[in-house]
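The following exercises are to be worked through with the sequence and the model at hand. Each task is followed by a solution in steps.

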Amino acid sequence: MSVDITVLPALGDNYAYLVSSGNTAFAVDPSDERVVRRALEERGLRLDAVLLTHHHSDHTGGAQPLNRSTGCSVIGPRDRRLRGIDRALADNETCEVAGVPITALLVPGHTRSHLAFHLTTEQAVFTGDTMFLSGCGRLFEGTAEQMWRSLRRLGDLDPATRVYCGHEYTEENCRFACAVEPGNVLFGERLRAVGEMRADGRPSVPGTIAVEHQANVFLRASSPEAFARLRAAKDRF
Ligand code: ZN
Ligand code: FE
């Protein structure tokens, strides 16, 4: 059965996602219950589960309300700060939701228990606040070296893998990339293309791992030290 991934803008610049196969679905980072419920109703879908990448409330906000209203299970990292988790996934642990096989990848840096969800049969990955398109999350709990390794781990996925991240920060990230490497023609083209998409109100997601290798200065950083310098510069940008 074919799998559909629907992008659900929420809370300003967050993205929640609905993944459906047949008439069942799961949601990733359901920041806002109403946004997810509306999408389920429009499509006549039953919610099996919600998947949470990390404990920040802009990603988890809709989880408990959806659990109460639909009876769906809640899947996420092993972390005491996440309440109401029915199934905690460890690094490399797999599960199947709505008939879709999922592998959890522990990618610390933004938070210490942050997971990415790799849909191995769909060539898709949900990266939360670890990898953004042309960017990465802030280092709230991890070290630069952890985040650098986490990005490289995501970068090791098949280049055709589509990247679904937690926020629409792409245009700002592309602007930073252009400031870092003013002569990079590809960065300039990418900034223009993303600017057009955003001006038309279209989301920039999904990206691909192949494009990130070309357009993400954080993934391209050759060492943890180089990464740390870029991350510090972005914090001040
Ligand atoms: Zn976050
Ligand atoms: Fe976030």
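**Exercise 1: Serine 134**

Serine 134 lies in the loop that joins strand S11 (131-132) to strand S12 (135-136); helices (H or I, at least four residues) and strands (E, at least two) are DSSP runs, numbered from the N terminus. The model is a predicted one, in which local features need pLDDT of at least 70, side-chain atom pairs count only at pLDDT 80 or more, and totals for chains, interfaces and linings use all residues. Residues are numbered from 1 along each chain as its sequence is written, chains are lettered from A and ligands numbered from 1 in the order in which they are written, and side-chain values use heavy atoms, with hydrogens and water left out.

Task: Determine the sign of phi of serine 134, and decide whether serine 134 is buried or exposed.

Solution.
1. Phi of serine 134 is positive, near 60 degrees, although the residue is not glycine.
2. Most residues other than glycine have a negative phi.
3. Serine 134 has 1% relative accessibility and is therefore buried (buried is under 20% relative accessible area, exposed over 50%, partly exposed in between; 1.4 Å probe, protein chains only).

**Exercise 2: Glutamine 123 and proline 206**

Task: Locate glutamine 123 and state its phi; then give the form of the peptide bond from valine 205 to proline 206.

Solution.
1. The loop between strand S9 (115-119) and strand S10 (124-128) holds glutamine 123.
2. Phi of glutamine 123, which is not a glycine, is positive at about 50 degrees.
3. Glutamine 123 has a relative accessible area of 34%, so it is partly exposed.
4. Proline 206 belongs to the loop between helix H6 (185-199) and strand S14 (207-208).
5. The bond from valine 205 to proline 206 is cis, its omega being near -5 degrees.
6. Most peptide bonds are trans.

**Exercise 3: Helices H4 and H9**

Task: Describe how helix H4 (residues 144-155) packs with helix H9 (residues 224-236).

Solution.
1. The axes are 9 Å apart, at an angle of about 105 degrees (axes are lines fitted to C-alpha atoms, for helices over the stretch in contact, and angles run from 0 to 180 degrees between N-to-C directions).
2. H4 is therefore roughly perpendicular to H9 (65 to 115 degrees; under 35 is roughly parallel, over 145 roughly antiparallel, the rest oblique).
3. H4 contributes Ala144, Glu145, Met147, Trp148 and Leu151 to the contact, and H9 contributes Pro224, Phe227 and Ala228 (contact means heavy atoms within 4.5 Å).
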